[in-house]
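Reader: I am new to this one and would love a friendly tour. Could you show it to me, and then let me ask about its parts?

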Amino acid sequence: MDDILHMRRALRLAVRGRGCVSPNPIVGAVVVTGGRVVGEGWHRALGEPHAERRALEAAGRRARGGTLYVTLEPCPHTGRTPPCVDAILDAGIRRCVAAIRDPHPIVNGRGFRRLRAAGVRVEVGLCAAEARETLGGYWRSHTTGRPRVTLKLATSLDGRIAPRRGFARSGPGRWLTGAEARRAVHRMRADADAIVIGAGTARADDPHLTARGVRAARQPLRVVCDTRLSLPLRLRLFRSPLAKGTVVACGPAAPRRAERALRACGVNVWRLPLARDGVSPRALLRRLAREGRHEVMVEGGAELATSWLRAGVVDRLARFTAPRILGDGLPWSGPLGRPLAGRILEQRRVGGDAFELIALER
């Protein structure tokens, strides 16, 4: 029972690093000696000491002969920081309890083997399902080759995303959901590595796609799917300062002149294979994974949502529901060809709106 309590504490510590350490994983660690917690730590920022080193530094000499609880296999290699395995051995840890192995090819069991070879008792698998869920996109990227995808929705009670005539361009009438829900979306953006929208949304809303009004270690990559490179250069995403953090994903046959114009603005252009509804979601996700973008949020309209759901690449729905009925409005999804099942991970009230986080089943 104590093992579980200490590991769950490590998992709670790990999430404090969300949005701050990518492409590294979020990790938490707890050091226990003689039944007492003597050190805690989490990975706070990219390039700073990992969770294990922070916990061991906090414990100091009290770590000798103790147990280290860590949410992910300790690293055995030198990257931006020295190997955590070395710190564990130097501290005199006798037992290491890890939730899961690190699926990254440079680790993937090597850390455990080094610890065992040095006489440390290693136990793996405690709270494994919780740890995989906490790691989210990092785990998925290194086990499946693509990031975790969350489709964000703001809908009315009858499942509409906008009235047929659209919202006002400014003022309170512009938004379906309330201010607290919008702040929650900005926090989600701060935790994401990339945000994806379609050309229709880019043209209609001319968005910033930045995390505003919240603490953000860095802004997510902004990705616009525009098969034919038809969007005007006057959009905010294509002007300074947003252009340098924006990517346009297009098809192989998109005009070269349009690509040169975008690149001259500082926008990156990715030519990718096409699927049924435009740029292939799977090809785009593989490219994002190679770029170290493990958490992807889709904020596009009904067209993009439908195509990504059809492609079977959406892992979660994050839905904000306003207590309004629009009647003859625009539905958030088109025909999918088959029913999709899911399970509710979270439900809560956000200001005057409701929020649900739903995992889609495969």
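**A walk through the model**

Author: Gladly! Let us begin at helix 6 (residues 137-144), where Gly137, Tyr138, Trp139 and Ser141 are buried. Please keep in mind that this is a predicted model.

Reader: What covers the buried residues of helix 6?

Author: The cover comes from both helices and strands. On the helix side it includes helix 5 (128-135) and helix 10 (281-290). On the strand side it includes strand 6 (148-155) and strand 14 (295-298).

Reader: Which residue follows helix 6, and what is its phi?

Author: The helix runs over residues 137-144. Right after helix 6 comes Gly145, with a positive phi near 85 degrees.

Reader: Is Thr150 in strand 6 buried or exposed?

Author: Start with the strand around it: 7 of the 8 residues of strand 6 are buried, so the strand is largely enclosed by the rest of the structure. Thr150 is found in this strand. With under 20% counting as buried, its relative accessible area of 5% makes Thr150 buried.

Reader: Which residue in strand 14 is the bridge partner of Thr150?

Author: Strand 6 and strand 14 pair in the parallel sense, over 4 bridges. Setting aside neighbours within four places in sequence, Thr150 is in contact with Val296, Met297, Val298, Arg316 and Ala318. From strand 14, the bridge partner of Thr150 is Met297.

Reader: And in strand 15, which residue is the bridge partner of Leu151?

Author: Strand 6 also runs parallel to strand 15, and 6 bridges join the two. For Leu151, the bridge partner in strand 15 is Leu317.

Reader: Where are the two rings of the aromatic pair, and how many residues apart are they?

Author: A search of the whole structure finds 1 aromatic pair. It links distant parts of the chain, with Phe320 in strand 15 (residues 316-321) and Phe355 in strand 18 (residues 353-360). Both are buried: Phe320 has a relative accessible area of 1%, and Phe355 has 5%. Along the chain, the two are 35 residues apart.

Reader: Why does the pair of Phe320 and Phe355 count as tilted?

Author: The ring centres of Phe320 and Phe355 are 4.8 Å apart. Planes under 30 degrees apart count as stacked and over 60 as edge-to-face, with the rest as tilted. The planes of these two rings stand at 45 degrees, so the pair is tilted.

Reader: In what order do the strands of the open sheet of 5 strands come?

Author: The pairing in this open sheet is mixed. Neighbouring strands are turned by 15 degrees against each other on average, direction ignored. The 5 strands have the order 2-1-3-4-5.

Reader: Why is one side of strand 2 and of strand 5 left without a neighbour in the sheet?

Author: Strand order is the clue here, and it reads 2-1-3-4-5. Strand 2 (36-42) and strand 5 (121-124) stand at the edges, so one side of each has no neighbour in the sheet, and each has a single partner strand.

Reader: Which residue in strand 4 stands opposite Val70?

Author: Strand 3 (residues 67-70) and strand 4 (residues 95-98) run parallel and are joined by 4 bridges. Opposite Val70, in strand 4, stands Ala98.

Reader: Which strands does helix 4 touch as it packs on the sheet?

Author: Helix 4 spans residues 110-117, and its direction makes about 150 degrees with that of strand 5. As it packs on the sheet, this helix touches strand 4 and strand 5.

Reader: How far apart in space are Thr67 and Val122?

Author: Thr67 is found in strand 3, and it is buried, with a relative accessible area of 11%. Not counting residues up to four places away in sequence, it touches Val30, Val31, Val32, Ile93, Arg95 and Val97. Thr67 and Val122 are 55 residues apart in sequence, and their C-alpha to C-alpha distance is 9.8 Å.

Reader: What is the radius of gyration of the chain?

Author: The chain has 11 helices and 18 strands. For 362 residues the globule rule gives 21 Å, and the chain comes close to that, so it is as compact as a globular protein of that length. Its radius of gyration is 23 Å.

Note on methods. Residues are numbered from 1 along each chain as its sequence is written. This is a predicted model: local features need pLDDT of at least 70, side-chain atom pairs count only at pLDDT 80 or more; totals for chains, interfaces and linings use all residues. Side-chain values use heavy atoms; hydrogens and water are left out. Two strands pair if DSSP finds at least two bridges between them. Axes are lines fitted to C-alpha atoms, for helices over the stretch in contact, and angles run from 0 to 180 degrees between N-to-C directions. Contact means heavy atoms within 4.5 Å. Buried means under 20% relative accessible area, exposed over 50%, partly exposed in between (1.4 Å probe, protein chains only). Rings of Phe, Tyr and Trp (its six-membered ring) pair if their centres lie within 6.5 Å; planes under 30 degrees apart count as stacked, over 60 as edge-to-face and the rest as tilted. The radius of gyration is taken over C-alpha atoms; the globule rule is 2.2 Å times the number of residues to the power 0.38.
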